[in-house]
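User: Hi! I am new to reading protein structures. Could you walk me through this one?

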Amino acid sequence: MKVVCQDATMKLYGLTQWKVYDAELTPTMYDPNTFAPSKWYVVKCDDGMERKFTTTYFITLQEWRERQINKLL
């Protein structure tokens with residue numbers, strides 16, 4: 001799956017804002033404090049390492065394309 005990093009603070013983890021990355025969605029995990037379900041991506045970063053991030057920092061490539069089209073209209 002292709003995702004786009006939408007957060008500028010992710011530079012600390014070897015990610016560039018608005019760059020497309022390969023990612024895999026993990027099975028649903030549960031937050032140990034709230035027991036609420038949360039989704040995570042395993043993303044291959046610019047430095048070659050694979051790290052796990054919550055989905056709130058990324059949008060799918062399809063969502064990004066739709067946003068770009070809506071900006072033009």
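User: What does the accessible surface of the protein come to, and what share of it belongs to carbon and sulfur atoms?

Analyst: Happy to help, and please keep in mind that this is a predicted model. The accessible surface of the protein comes to about 5400 Å². The share that belongs to carbon and sulfur atoms is 56%.

User: How many of the 73 residues are buried, as a percentage?

Analyst: A residue counts as buried when its relative accessible area is under 20%. By that cut-off, the buried share of the 73 residues is 25%.

User: In which order do the helix and strands of the protein come along the chain?

Analyst: The protein has one helix and seven strands. Reading from the N terminus, the order of these elements is β-β-β-β-β-β-β-α.

User: Which strands stand at the edges of the open sheet?

Analyst: The open sheet has five strands, paired in the antiparallel sense, in the order 6-5-2-1-7. A strand at the edge has a single partner strand, so one of its sides is left without a neighbour in the sheet. That describes strand 6 and strand 7.

User: How many bridges join strand 5 and strand 6?

Analyst: Let's follow the chain here: strand 5 and strand 6 form a hairpin with five residues between them, and Gly48 in the turn has a positive phi of about 90°. Lys44 stands opposite Glu50 in strand 6. The two strands pair in the antiparallel sense, and the number of bridges is five.

User: Which residues of strand 5 point to one face and are buried?

Analyst: In a regular strand, side chains alternate between the two faces of the sheet. Strand 5 (residues 40–44) shows this alternation, with Trp40, Val42 and Lys44 pointing to one face and not buried. The residues that point to the other face and are buried are Tyr41 and Val43.

User: Which residue stands opposite Val43?

Analyst: Strand 5 also pairs with strand 2, in the antiparallel sense over three bridges. The residue opposite Val43 is Ala23.

User: Which residue lies over the face of Trp40?

Analyst: Trp40 belongs to the side chains of strand 5 that are not buried. At 5.6 Å from the ring centre, over the face of Trp40, lies Lys52.

User: Why is the pair of Tyr13 and Phe53 called edge-to-face?

Analyst: A search of the whole structure finds three aromatic pairs. In this one, the ring centres of Tyr13 and Phe53 are 5.7 Å apart. Planes over 60 degrees apart count as edge-to-face, so the pair gets that name from its plane angle of 70°.

User: How many residues apart are Tyr13 and Phe53?

Analyst: The pair links distant parts of the chain. Tyr13 is in the loop between strand 1 (2–5) and strand 2 (20–25), while Phe53 is in strand 6 (residues 50–54). The two are 40 residues apart.

User: Are Tyr13 and Phe53 buried, exposed or partly exposed?

Analyst: Residues from 20% to 50% relative accessible area count as partly exposed. With 41%, Tyr13 is partly exposed. With 6%, Phe53 is buried.

User: Which residues do ring pairs link into a cluster?

Analyst: Phe53 also pairs with Phe58, 5.9 Å centre to centre with 55° between the planes, and this pair is tilted. Both Phe53 and Phe58 are buried. The cluster linked by ring pairs consists of Tyr13, Tyr41, Phe53 and Phe58.

User: At what angle does helix 1 run to strand 7?

Analyst: Helix 1 (residues 61–72) lies across strand 1, strand 2 and strand 7. Its angle to strand 7 is about 85°.

Methods
Residues numbered from 1 in each chain as written. Predicted model: local features only at pLDDT ≥ 70, side-chain atom pairs only at ≥ 80, totals over all residues. Heavy atoms only, no water. Phe/Tyr/Trp six-rings, centres within 6.5 Å; stacked < 30°, edge-to-face > 60°. Helix = DSSP H or I, 4+ residues; strand = E, 2+ residues; numbered from the N terminus. Buried < 20%, exposed > 50% of the residue type's maximum accessible area, 1.4 Å probe, protein only. Lys NZ or Arg CZ within 6 Å of the ring centre and 35° of its normal. Pairing = 2+ DSSP bridges. Contact = heavy atoms within 4.5 Å. Axes fitted to C-alpha atoms, helices over the stretch in contact; angles between N-to-C directions. Areas by Shrake-Rupley, 256 points an atom, 1.4 Å probe, with all protein chains shown as cover.
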